[in-house]
Amino acid sequence: MDERPFDLSRAKLEGPDLFPRFLPRETRDLSRVDASPSSDLIIVERNGERLGLLTRDLAHPHVAQGELGGLPYLVSF
């Protein structure tokens, strides 16, 4: 394992976002979502708020981000 410290000068922190994010903007009742009982879910809870993401919705971007429980989140799949 490489023990050298991270060199921030090598990071690219500008330019276009080359990896689109999935931004869940609506709350959906899972009983009304077109999904089979065997569909895979990622479930996150923070401060009493819950978020369920169908993995098929993350098949292309592989990343979802937003706010949950008053704090930002990022889920990677």
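## Thr55

Thr55 has a relative accessible area of 14% and is therefore buried, the cut-off for that class being under 20%. Thr55 sits in the loop that links strand 2 to strand 3. Beyond neighbours within four places in sequence, the contacts of Thr55 are Asp40, Leu41, Ile42 and Phe77. Of these, Ile42 is also listed in the largest nonpolar core. The model described here is predicted.

## Overall architecture

The protein chain contains 0 helices and 4 strands. Read from the N terminus, the order of elements is β-β-β-β. Strand 1 covers 41-46, strand 2 covers 49-54, strand 3 covers 63-68 and strand 4 covers 71-76.

Of the 77 residues in the protein chain, 18% are classed as buried. The exposed surface of the protein chain comes to about 6,800 Å², and carbon and sulfur atoms account for 51% of that area. When contacts between residues at least 6 apart in sequence are considered, 36% of them connect residues at least 24 apart.

## The nonpolar core

Which residues form the largest nonpolar core? The set has 8 members: Ile42, Leu51, Leu53, Leu58, Ala64, Leu68, Tyr73 and Val75. At least two residues of this core come from each of strand 2, strand 3 and strand 4.

Leu68 is one of the core residues. With neighbours within four places in sequence left aside, Leu68 is in contact with Val44, Glu45, Arg46, Glu49, Arg50, Leu51 and Tyr73. Leu51 and Tyr73, both in this contact list, are themselves members of the core.

## Strands 3 and 4

How many bridges join strand 3 to strand 4? There are 6, and the two strands run antiparallel. Leu68 has Leu71 of strand 4 as its bridge partner, while Gly66 is placed opposite Tyr73 in strand 4. Tyr73 thus recurs in three settings: it belongs to the core, it faces Gly66 across the pairing, and it is in contact with Leu68.

The hairpin made by strand 3 and strand 4 has 2 residues between the strands, and Gly69 there adopts a positive phi near 60°.

## Asn47

A second positive phi is found at Asn47, with a value of about 50°, although Asn47 is not a glycine. Most residues other than glycine have a negative phi. Asn47 is located in the loop between strand 1 and strand 2.

Is Asn47 buried or exposed? Asn47 counts as exposed because its relative accessibility is 60%, and the exposed class begins over 50%.

## Arg50 and the salt bridge

The structure has 1 salt bridge. Its partners are the side chains of Arg50 and Glu45, with an N to O distance of 3.7 Å. Side chains of opposite charge can pair when their charged atoms come close. Both Arg50 and Glu45 are exposed; for Arg50 the relative accessible area is 63%, so this residue lies in the exposed class.

Arg50 belongs to strand 2. Not counting residues up to four places away in sequence, Arg50 touches Val44, Glu45 and Leu68. Arg50 and Leu68 are separated by 18 residues in sequence, and their C-alpha atoms lie 7.6 Å apart in space. The exposed Arg50 is thereby in contact with Leu68, a member of the nonpolar core.

Terms used. Residues numbered from 1 in each chain as written. Predicted model: local features only at pLDDT ≥ 70, side-chain atom pairs only at ≥ 80, totals over all residues. Heavy atoms only, no water. Core = buried A, V, L, I, M, F, W, Y, C linked by side-chain atoms within 4.5 Å. Buried < 20%, exposed > 50% of the residue type's maximum accessible area, 1.4 Å probe, protein only. Contact = heavy atoms within 4.5 Å. Pairing = 2+ DSSP bridges. Areas by Shrake-Rupley, 256 points an atom, 1.4 Å probe, with all protein chains shown as cover. Salt bridge = Lys/Arg side-chain N within 4 Å of Asp/Glu carboxyl O.
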